[in-house]
Amino acid sequence: GANRISIPLVFGGYSGWTTTITVQNTDSAKAAQVSLSLYATGTSDAAMTKTVSLSPLASAYFNLGGSDFGDLGSSFLGSAVITSEVPITAVAQSAKRTSAADLLVILPNSSGGARRFHAPLVYKNYSPNNTSGWTSGINVQNLGDTEDEVKLTFTRANGTGVVTKTRKIPARSFGNFYMPEFSDIPDGSYG
């Protein structure tokens with residue numbers, strides 16, 4: 001477990017997506033006061049904070065599309081930070097129902113950050129059989145208390161076409177690198 005967990009992308013109805021977060025107290029002897037703080041995209045002040053008390057090994061379920069989170073509005077997009085004085089663990093699930101399929105993304109918890117990450121497979125409107133394009137978005141959360149600049153370097157799988165993009169990300173907020181918005185990365189690229 002960890003005392004601070006960051007979830008870089010959460011939804012409260014945004015574009016039909018809803019996130020649920022399950023938090024568990026991993027201590028077998030101590031109760032935990034757990035705070036879930038939600039930060040809207042581009043902000044460093046919490047839009048909402050919920051606090052729950054968890055008995056040893058107990059868990060809590062937060063549904064960002066539920067009535068407890070109605071003050072977020074119907075199209076919240078942001079990040080979450082979960083804190084506790086007792087070690088905890090968490091998992092986030094984001095789901096969207098469409099007429100074609102149900103979509104689900106599951107994110108494990110992250111208790112810390114790093115100065116460098118590698119994403120080994122990223123797509124921009126790529127289709128191996130020309131049926132429909134796969135597209136990637138990379139979400140980066142600033143875990144610090146001051147604005148920071150993040151650089152993404154995209155290299156095609158064949159080693160060509162290096163493109164670099166930067167984003168300034170406010171404290172405790174997140175930034176998104178969504179491949180279709182980059183005109184200098186050709187459709188059909190992956191890397």
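**Salt bridges around the strand 12–strand 13 loop**

Lys 165 comes out buried, at a relative accessible area of 19%, which falls under the 20% cut-off. The model is a predicted one, and a search through the whole of it turns up 4 salt bridges. Lys 165 takes part in one of them, pairing with Asp 184 at an N to O distance of 3.0 Å. This pair links distant parts of the chain: Lys 165 sits in strand 11 (residues 163–169), while Asp 184 belongs to the loop between strand 12 and strand 13, 19 residues apart. Unlike its buried partner, Asp 184 is partly exposed, with 41% relative accessible area.

Strand 11 also holds Arg 167, and that residue reaches into the loop between strand 12 and strand 13 by way of Glu 181, 14 residues apart. Here the closest N and O atoms of the salt bridge are 2.1 Å apart. Both ends count as partly exposed: Arg 167 has 23% relative accessibility, and Glu 181 has 45%.

Then there is Lys 124, which forms a salt bridge with Asp 187, with 3.7 Å between the closest N and O atoms. Lys 124 lies in strand 8 (residues 123–124) and Asp 187 in the loop between strand 12 (174–178) and strand 13 (189–190), so this contact ties together parts that are 63 residues apart in sequence. As for accessibility, Lys 124 is buried at 5%, whereas Asp 187 is exposed at 56%.

Notes:
Residues numbered from 1 in each chain as written. Predicted model: local features only at pLDDT ≥ 70, side-chain atom pairs only at ≥ 80, totals over all residues. Heavy atoms only, no water. Salt bridge = Lys/Arg side-chain N within 4 Å of Asp/Glu carboxyl O. Helix = DSSP H or I, 4+ residues; strand = E, 2+ residues; numbered from the N terminus. Buried < 20%, exposed > 50% of the residue type's maximum accessible area, 1.4 Å probe, protein only.
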